[in-house]
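Colleague: Could you take me through one part of this model closely? I would like to hear about the metal sites and what surrounds them.

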Amino acid sequence: MKNTGLRRTLSTAVALGALGAGALATAAPASAANKDGYLDYHEFSLTYYATQMGSWTDFLYDEALLSNDTFITPGDGQGKIVDNNAESYFNRDNVTWYVYTSSYAGGIEGWIPAEHLGNFSTNFKNQVSSIYDNDAN
Ligand SMILES: [Ca+2]
Ligand SMILES: [Ca+2]
Ligand SMILES: [Ca+2]
């Protein structure tokens, strides 16, 4: 399932690349910014407490290591390491995001459907160590 999605989005990435750097630069001001404290469209957030309470961080790209990321928004947990510390999630992307209990997509795999938020189940609560979407970035 994951590989099928990856192949599909890889071909999309090639098509976008053909637009060239100029088109990408023009689009930049309106685009999402990684880890800026705003949960933009196409981003995925991890939150310190359940039900989106406390500090959180917004991710635009895959993170093979959450051990070098901290919760950035004001609130409980701000400044703490994201790795093994998140209790809830918000997928504001239009694709599925995958979460893993070990770094580099290791351990148990879970998936969060597009436009979906919630609390991590027992297997993932305070266990998530890496996150991936399917856009090859
Ligand atoms: Ca952002
Ligand atoms: Ca990281
Ligand atoms: Ca873990």
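Modeller: Happy to; here is a walk through the two calcium sites and the sheet. This is a predicted model, in which local features need pLDDT of at least 70 and side-chain atom pairs count only at pLDDT 80 or more, while totals for chains, interfaces and linings use all residues. Residues are numbered from 1 along each chain as its sequence is written, chains are lettered from A and ligands numbered from 1 in the order in which they are written, and side-chain values use heavy atoms, with hydrogens and water left out.

The calcium ion (ligand 1) is held by A33 (O), D36 (OD), Y38 (O), D40 (OD), E43 (OE), E43 (OE) and D58 (OD), at 2.3 to 2.5 Å. Donors here are N, O and S atoms within 2.8 Å of the metal (3.2 Å for Na, K and Ca); water is not among the atoms, so sites may look incomplete. Along the chain, these donors are spaced A-x2-D-x1-Y-x1-D-x2-E-x14-D. A33, in the loop between α2 (21-27) and β1 (44-47), and D58, in strand β2 (residues 56-59), are 25 residues apart. Helices (H or I, at least four residues) and strands (E, at least two) are DSSP runs, numbered from the N terminus. D58 is buried at 0% relative accessible area, whereas A33 is partly exposed at 33%. Buried means under 20%, exposed over 50%, partly exposed in between (1.4 Å probe, protein chains only).

The calcium ion (ligand 2) is coordinated by E63 (OE), L65 (O), N68 (OD1) and D69 (OD), at 2.1 to 2.4 Å. E63 counts as buried at 10%, and D69 does at 5%.

Strand β2 also belongs to an open, antiparallel sheet of four strands, ordered β2-β1-β3-β6; strands pair if DSSP finds at least two bridges between them.
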